[in-house]
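Me: I have a model open and would like the labels attached to it explained. Please set each value against its cut-off.

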Amino acid sequence: MIVFIAIIYILFMTEPIKHQGWRWDEVKDRKHWEIPDGYVMNLIYELGPDPEKKIYDLGCGIGRHTIYFASHGYQVYASDISQDSIDSTREWLQRENLTAELKQGHFLDVDYPENFFDLVISMNVLNHGVKSEVYQIMQKVLKMLKPGGIFRGTIRIKDKNTPFYSNDIKIIDEQTLMMTKGEERGIPHFFAYLEEVPDMFKGFEMGYGAFVFVKIFTSPFTAENLTTQLGIEGLRFSLSKPSLEKDIKSVQNDRNFLRAQL
Ligand SMILES: C[S@@+](CC[C@H](N)C(=O)[O-])C[C@H]1O[C@@H](n2cnc3c(N)ncnc32)[C@H](O)[C@@H]1O
């Protein structure tokens with residue numbers, strides 16, 4: 001009997017996660033995803049008007065930030081795991097008579113040269129990886145950035161004492177779940193612990209203002225709260241790749257500083 005239960009558990013509960021993109025045709029608030037996020041828009045002040053600057057929109061969705069940066073004259077590159085996202089972004093670019101280089105693929109499978117980008121953004125995307133992938137993509141972005149380049153994006157946060165509520169959710173582990181219904185069904189959702197954030201961003205400069213806590217989830221992790229985005233924005237980050245040798249040394253101090261804040 002125990003062997004039978006173990007086989008059933010292995011077959012049905014530990015199946016590998018199949019990554020898939022958003023089904024944009026089912027998204028109810030699609031209009032919301034067409035307006036650029038203010039946290040991203042203000043980056044053009046930091047970049048300055050320079051057509052040589054290269055920007056990577058990692059997990060571009062239907063293209064709101066790709067269009068925004070392309071319309072300001074930057075060289076834009078964008079990727080998404082969903083072909084639907086890439087097609088929508090391409091159509092929007094064509095309508096606006098703009099260009100960007102688009103690639104379809106999981107964020108770990110899309111490659112660009114080292115020291116290539118001035119800015120990488122990843123808004124509302126990294127929470128769709130599993131923990132090990134999120135750690136890997138941070139290091140990959142660090143390589144892709146030019147010294148002094150900026151990485152701005154979002155991750156989701158969970159406190160250790162609030163368990164996932166299992167209705168309509170498949171719990172993968174204590175930090176990862178998968179929706180079983182609705183437009184995000186089958187897509188993983190990863191929630192970092194605050195304590196692990198400094199290690200997650202190893203190698204980046206994380207000074208004052210590097211993190212914005214939008215809201216930390218304290219109500220139950222129900223499917224409804226998750227799909228309606230109630231209280232789960234988590235953490236917005238703005239980090240940079242050290243530009244000088246002395247900065248690389250100070251990064252360790254940044255991590256200690258941050259650890260003390262969290
Ligand atoms: C909430 S949308 C955000 C889109 C866009 N960044 C924005 O803010 O408008 C999340 C996007 O991440 C994409 N995505 C999910 N998992 C991914 C993965 N493993 N690799 C690349 N893209 C992924 C989805 O297809 C979807 O387009």
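**Labels and their grounds**

Reply: The model is predicted. In strand 7, Leu 177 is the bridge partner of Ile 171.

Me: What makes strand 6 and strand 7 count as a pair?

Reply: Pairing requires at least two bridges between two strands. Strand 6 and strand 7 (residues 176–179) are joined by four bridges, so the pairing criterion is met. The two strands run antiparallel.

Me: Which order do the strands of this open sheet have?

Reply: The order is 6-7-8, an open sheet of three strands with antiparallel pairing.

Me: Why are strand 6 and strand 8 said to stand at the edges?

Reply: Strand 6 (169–173) and strand 8 (188–190) each have a single partner strand, so one side of each is left without a neighbour in the sheet. On average, neighbouring strands of this sheet are turned by 30° against each other, direction ignored.

Me: Why does Thr 99 count as exposed?

Reply: A residue is exposed if 12 or fewer other C-beta atoms lie within 10 Å of its own. Thr 99 has 11 C-beta neighbours inside 10 Å, so Thr 99 counts as exposed. Thr 99 lies in the loop between helix 5 (83–96) and strand 3 (101–104).

Me: Leaving aside neighbours within four places in sequence, which residues is Thr 99 in contact with?

Reply: Those residues are Ala 70 and Leu 93. A contact requires C-beta atoms within 7 Å.

Me: How do the residues of the shell around the ligand divide?

Reply: Seven are nonpolar, ten polar and two charged. Of the 19 residues around the ligand, those that come nearest are Gly 21, Gly 59, Gly 61, Ser 82 and His 128.

Note on methods. Residues are numbered from 1 along each chain as its sequence is written. This is a predicted model: local features need pLDDT of at least 70, side-chain atom pairs count only at pLDDT 80 or more; totals for chains, interfaces and linings use all residues. A residue is near a molecule or strand if its C-beta atom, placed from the backbone, lies within 6 Å of it. Ala, Val, Leu, Ile, Met, Phe, Trp, Tyr, Cys and Pro count as nonpolar, Asp, Glu, Lys and Arg as charged, and the others, Gly among them, as polar. A residue is buried if 20 or more other C-beta atoms lie within 10 Å of its own, exposed if 12 or fewer, and partly exposed in between; C-beta atoms are placed from the backbone. Two residues are in contact if their C-beta atoms, placed from the backbone, lie within 7 Å. Axes are lines fitted to C-alpha atoms, for helices over the stretch in contact, and angles run from 0 to 180 degrees between N-to-C directions.
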